[in-house]
Amino acid sequence: MLVTPSVHHLSPQHGTLSASTTRYEKRLSDLAGLYADAAAFDAALGSGDRVVYTVEDFRPSGASGDLCFGVTHMLPGRIGDEFFMTRGHIHAVANRPETYRGELGQGVMVMESPDGQVVTLQVTPGATVYVPPCWIHRSVNTGTEPLVMTFVYPADSGQDYGIIARSNGMRVRVVADARGWRTVENPRWRPRTEAEIAAIHASGA
């Protein structure tokens, strides 16, 4: 069955997409356990359960061969030395890629391969980041204004958020320093077993 063509308008200042089919927001309480400094997290949460980021997307269908696209709007802020970030995920059908385009603000895309390789790429207005198949990815707002990004990925990708929790976080954390930001190793990170790595690469094959 043919899907009806459509046109959509992005507002970078507000991080909204016209005629979106889905909108959700993540508050600070939804990000419990992501940050290294638990005391700083509890103190921030005690000051109010603020919205950290919102996502709006247009998903015409979930069929293979279709696309989902949308916008992420993340506020600036820090918990201890760590910048505000998304939960991060790998696609449930792991061999599905994704692109992100910076529209407003400054950020970093943290990517981790199943065997623990790490790549960090800056997200700036007009820059498009390609996330290849089978890479875990997380967005981080390293600036002082909202980070707004548009994204596109195959509609049948799905998201697996638990892969990060099962390894006690991503291998690196993005923290503030005198130059702006840097990465530090996560001492609690657990490498994946050969069986786990093979299962990821087999997903969607």
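In this predicted model, the protein chain has 3 helices and 15 strands. Its radius of gyration is 17 Å, close to the 17 Å that the globule rule gives for 205 residues, so the chain is as compact as a globular protein of that length. Along the principal axes, the C-alpha atoms fill a box of roughly 55 × 45 × 30 Å.

**Whole chain**

- Of the 205 residues in the protein chain, 43% are buried.
- Contacts between residues at least 6 apart in sequence include 69% that join residues at least 24 apart.
- The accessible surface amounts to about 9,900 Å², and carbon and sulfur atoms account for 54% of that area.
- The chain carries 18 positive and 21 negative charges, and the mean positions of these two sets are 2 Å apart.

**Aromatic pairs**

- The model contains 4 aromatic pairs, counted by ring centres within 6.5 Å.
- The ring centres of Tyr-35 and Phe-41 are 6.3 Å apart with the planes at 25°, so this pair is stacked, the cut-off for that class being under 30 degrees.
- Tyr-35 and Phe-41 are both buried.
- Phe-58 and Phe-69 make a tilted pair, with 5.5 Å from centre to centre and 50° between the planes.
- Because Phe-58 belongs to strand S4 (residues 51-58) and Phe-69 to strand S5 (residues 67-74), this pair ties together parts that are 11 residues apart in sequence.
- The two rings of that pair fall into separate burial classes: Phe-58 counts as buried at 13% relative accessibility, whereas Phe-69 counts as partly exposed at 27%.
- Tyr-100, Phe-151 and Tyr-153 are linked by ring pairs into a cluster.

**Tyr-153 and its surroundings**

- Tyr-153, a member of the aromatic cluster, sits in strand S13 (residues 147-154).
- Its relative accessible area is 5%, so Tyr-153 is buried, the limit being under 20%.
- Tyr-153 and Pro-97 are 56 residues apart along the chain, yet their C-alpha atoms are separated by 6.3 Å.
- Pro-97 is also one of the contacts of Tyr-153 beyond its neighbours within four places in sequence.
- The other residues on that contact list are Asp-57, Arg-59, Leu-67, Cys-68, His-91, Glu-98 and Gln-159.

**Positive phi outside glycine**

- Ala-19 has a phi near 55°, a positive value in a residue other than glycine.
- Ala-19 lies in the loop between strand S2 (16-17) and strand S3 (22-27), and with 51% relative accessibility it counts as exposed.
- Cys-134 also has a positive phi without being glycine, with a value near 70°.
- The loop that holds Cys-134 runs between strand S11 (128-131) and strand S12 (136-141).
- Cys-134 counts as buried at 10% relative accessibility, whereas Ala-19 counts as exposed.

**Gln-117 and Trp-135**

- Gln-117 is placed in the loop between strand S9 (107-112) and strand S10 (118-123).
- At 47% relative accessibility, Gln-117 counts as partly exposed.
- From Gln-117 to Trp-135 the C-alpha distance is 9.4 Å, with 18 residues of separation in sequence.
- Gln-117 is in contact with Trp-135, and also with Met-111 and Glu-112, when its neighbours within four places in sequence are left aside.

**Ala-202 and Asn-95**

- Ala-202 is located in helix H3 (residues 194-202).
- The relative accessible area of Ala-202 is 47%, so this residue is partly exposed, the class between 20% and 50%.
- Ala-202 and Asn-95 are 107 residues apart in sequence, and the distance between their C-alpha atoms is 8.3 Å.

Note on methods
Residues numbered from 1 in each chain as written. Predicted model: local features only at pLDDT ≥ 70, side-chain atom pairs only at ≥ 80, totals over all residues. Heavy atoms only, no water. Helix = DSSP H or I, 4+ residues; strand = E, 2+ residues; numbered from the N terminus. Rg over C-alpha atoms; globule rule 2.2 N^0.38 Å. Buried < 20%, exposed > 50% of the residue type's maximum accessible area, 1.4 Å probe, protein only. Contact = heavy atoms within 4.5 Å. Areas by Shrake-Rupley, 256 points an atom, 1.4 Å probe, with all protein chains shown as cover. Lys, Arg positive; Asp, Glu negative; His and termini not counted. Charge placed at Lys NZ, Arg CZ, Asp CG, Glu CD. Phe/Tyr/Trp six-rings, centres within 6.5 Å; stacked < 30°, edge-to-face > 60°.
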